[in-house]
Each structure stands twice: as C-alpha cells, then as structure tokens.
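This report describes the protein shown below, together with its bound ligands. The account proceeds by site and by residue.

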Amino acid sequence: MSDCIFCKIAAGEIPATVVYEDELVIAFDDVSPQMPVHTLIVPKEHYRDIGDGIPDALMGHLFNTVKKVAELKGVASSGYRVIVNTGDDACQTVHHVHVHVLGGAPMNSGSPAL
Ligand code: 5GP
Ligand code: ZN
C-alpha cells in the first residue's frame, strides 16, 4: 500500500528505530511511547487488521516474534503487555496490523491499554 506508513517503514522509506527484522516481520519502537518499552511488530506484507485473512503461518510468526522482542528489550522476565487494536471502537489509528509490546515499569488499572 503506497500510502501506508507501516509499509513505508517496512520498506525502509521512513526511518524507525528497528528492534528486530526478518523476512516476514519488522519490529520498531513506537514514535510516541506510552511506556518505557513500547515496540510495534508488523508483518512486512500489508494486512488491514487482525481480521484481514492473515495466513496461519504468518500469524504464528508474528506472535512468536513477541517473545523475541521482549527479550531484546529486556522485559521478558519482568513482564509486558501485548495489545492489538482492531477497528474503530478500539481506536486503531494505523490500518496496517500491528502488535504493541509494552513494558518496562509496573502496570496497574491506569496503565495504557491503548
Ligand atoms: P494504534 O492506535 O493504531 O493501535 O497504534 C498506532 C501506533 O503507531 C501509535 O502508538 C503511534 O504512536 C504509532 N505510530 C504512528 N505513526 C508512527 C510512525 O511514523 N513511526 C512509529 N515508529 N510509530 C508510529
Ligand atoms: Zn501497510
């Protein structure tokens, strides 16, 4: 998608602080972090949201990347929150499916649910 910001990041056309990358996914720090650790994981191929027919293998790879990112960001043992906003009621603002990984400080009921 030529007008999609996460497609442009995946293609290296827009700079981002890349945490992890392989042939299928790229993980980069959120430009507006809501926690000390706030990293987004996206498939390099464009899917609108989690309900957009993502193949099982890619979906599995996307979510297995969460653990890698948590380890790379140093929150694997302390704990972290994983969020996938989907659609208008969930306030999805970037319509390229992405997994938020949040952590780095204790969370409570007032912590970002994004
Ligand atoms: P959503 O509300 O769609 O679940 O989350 C979109 C996220 O993408 C937000 O947390 C927002 O800060 C982040 N974001 C939007 N544009 C950019 C960008 O150009 N670069 C990065 N790194 N993050 C972005
Ligand atoms: Zn896209």
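## An aromatic pair in the interior

With 3% relative accessibility, Phe28 falls into the buried class. The model is a predicted one. Phe6 is likewise classed as buried, its relative accessibility being 7%.

These two residues form the one aromatic pair that the structure holds. The ring centres of Phe6 and Phe28 are 5.3 Å apart and the ring planes stand at 70 degrees, so the pair is edge-to-face; the threshold for that class is an angle over 60 degrees. Phe6 belongs to helix 1 and Phe28 to strand 2 (residues 25–29), and the pair thereby links distant parts of the chain, 22 residues apart.

Strand 2 also contains Ala27. Ala27 is buried, with a relative accessible area of 0%. Between the C-alpha atoms of Ala27 and Leu62 the separation is 9.8 Å, although their positions lie 35 residues apart along the chain when counted as sequence distance.

## The zinc site

Which residues donate to the zinc ion (ligand 2)? The protein donors are Cys4 and Cys7, each through SG, and His46 and His96, each through ND1. The donors lie 2.0 to 2.3 Å from the ion. Along the sequence, the donor residues follow the spacing C-x2-C-x38-H-x49-H.

Why is the arrangement tetrahedral? The angles subtended by the four donor atoms around the zinc ion run from 105 to 116 degrees, which makes the arrangement tetrahedral, since that class requires all angles to lie between 85 and 135 degrees. As a point of reference, the ideal angle for four tetrahedral donors is 109.5 degrees. Cys7 lies in helix 1 (residues 5–10), whereas His96 lies in the loop between strand 4 (80–83) and strand 5 (99–103), so this pair ties together parts that are 89 residues apart in sequence.

## Surroundings of Cys7

Is Cys7 buried or exposed? Cys7 is buried, with a relative accessible area of 13%, and His96 is buried as well. Helix 1, which contains Cys7, also contributes Phe6 to the aromatic pair.

Cys7 and Lys44 are 37 residues apart in sequence, yet their C-alpha atoms are 6.7 Å apart in space.

## The site of ligand 1

Around ligand 1 there are 16 residues, of which Asp30, Asn85, Thr93, His98 and His100 come nearest. Several backbone atoms face polar atoms of the ligand. A backbone N or O atom of Asp29 is 2.9 Å from a nitrogen atom of ligand 1. A polar backbone atom of Val94 lies 3.0 Å from an oxygen atom of the ligand, and for Cys91 the corresponding distance from a polar backbone atom to an oxygen atom is 3.2 Å. On its own, ligand 1 has 520 Å² of accessible area, and the protein covers 82% of this.

His100, one of the residues that come nearest to ligand 1, is located in strand 5. His100 counts as buried, at 6% relative accessibility. The side chain of His100 also makes a polar contact of 2.9 Å with the side chain of His38.

## Cys91 and its backbone

Cys91 is placed in the loop between strand 4 and strand 5, the loop that also holds His96. The phi angle of Cys91 is near 60 degrees, a positive value in a residue other than glycine. Most residues other than glycine have a negative phi.

Cys91 is exposed, with a relative accessible area of 55%. A polar backbone atom of Cys91 is 3.2 Å from an oxygen atom of ligand 1.

## Partly exposed positions

Glu21 lies in strand 1 (residues 18–21). Its relative accessible area is 43%, and Glu21 is therefore partly exposed. Glu21 and Leu102 are 81 residues apart in sequence, with their C-alpha atoms 18 Å apart in space.

Ala105 is found in the segment after strand 5. Ala105 is partly exposed as well, with a relative accessible area of 32%. The C-alpha atoms of Ala105 and Gly79 are separated by 8.8 Å, and the two residues are 26 residues apart along the chain.

Conventions. Residues are numbered from 1 along each chain as its sequence is written. Chains are lettered from A and ligands numbered from 1 in the order in which they are written. This is a predicted model: local features need pLDDT of at least 70, side-chain atom pairs count only at pLDDT 80 or more; totals for chains, interfaces and linings use all residues. Side-chain values use heavy atoms; hydrogens and water are left out. Donors are N, O and S atoms within 2.8 Å of the metal (3.2 Å for Na, K and Ca); water is not among the atoms, so sites may look incomplete. Four donors count as tetrahedral if all angles lie between 85 and 135 degrees; four count as square planar and six as octahedral if opposite donors are over 155 degrees apart and all others between 65 and 115; anything else is irregular. Helices (H or I, at least four residues) and strands (E, at least two) are DSSP runs, numbered from the N terminus. Buried means under 20% relative accessible area, exposed over 50%, partly exposed in between (1.4 Å probe, protein chains only). A residue is near a molecule or strand if one of its heavy atoms lies within 4 Å of it. A polar contact is a pair of N or O atoms within 3.5 Å; within protein, one must be able to donate a hydrogen and the other to accept it, and residues adjacent in sequence count only if both atoms are side-chain atoms. Accessible areas come from the Shrake-Rupley method with a 1.4 Å probe; for residues, only the protein chains shown count as cover. Rings of Phe, Tyr and Trp (its six-membered ring) pair if their centres lie within 6.5 Å; planes under 30 degrees apart count as stacked, over 60 as edge-to-face and the rest as tilted.
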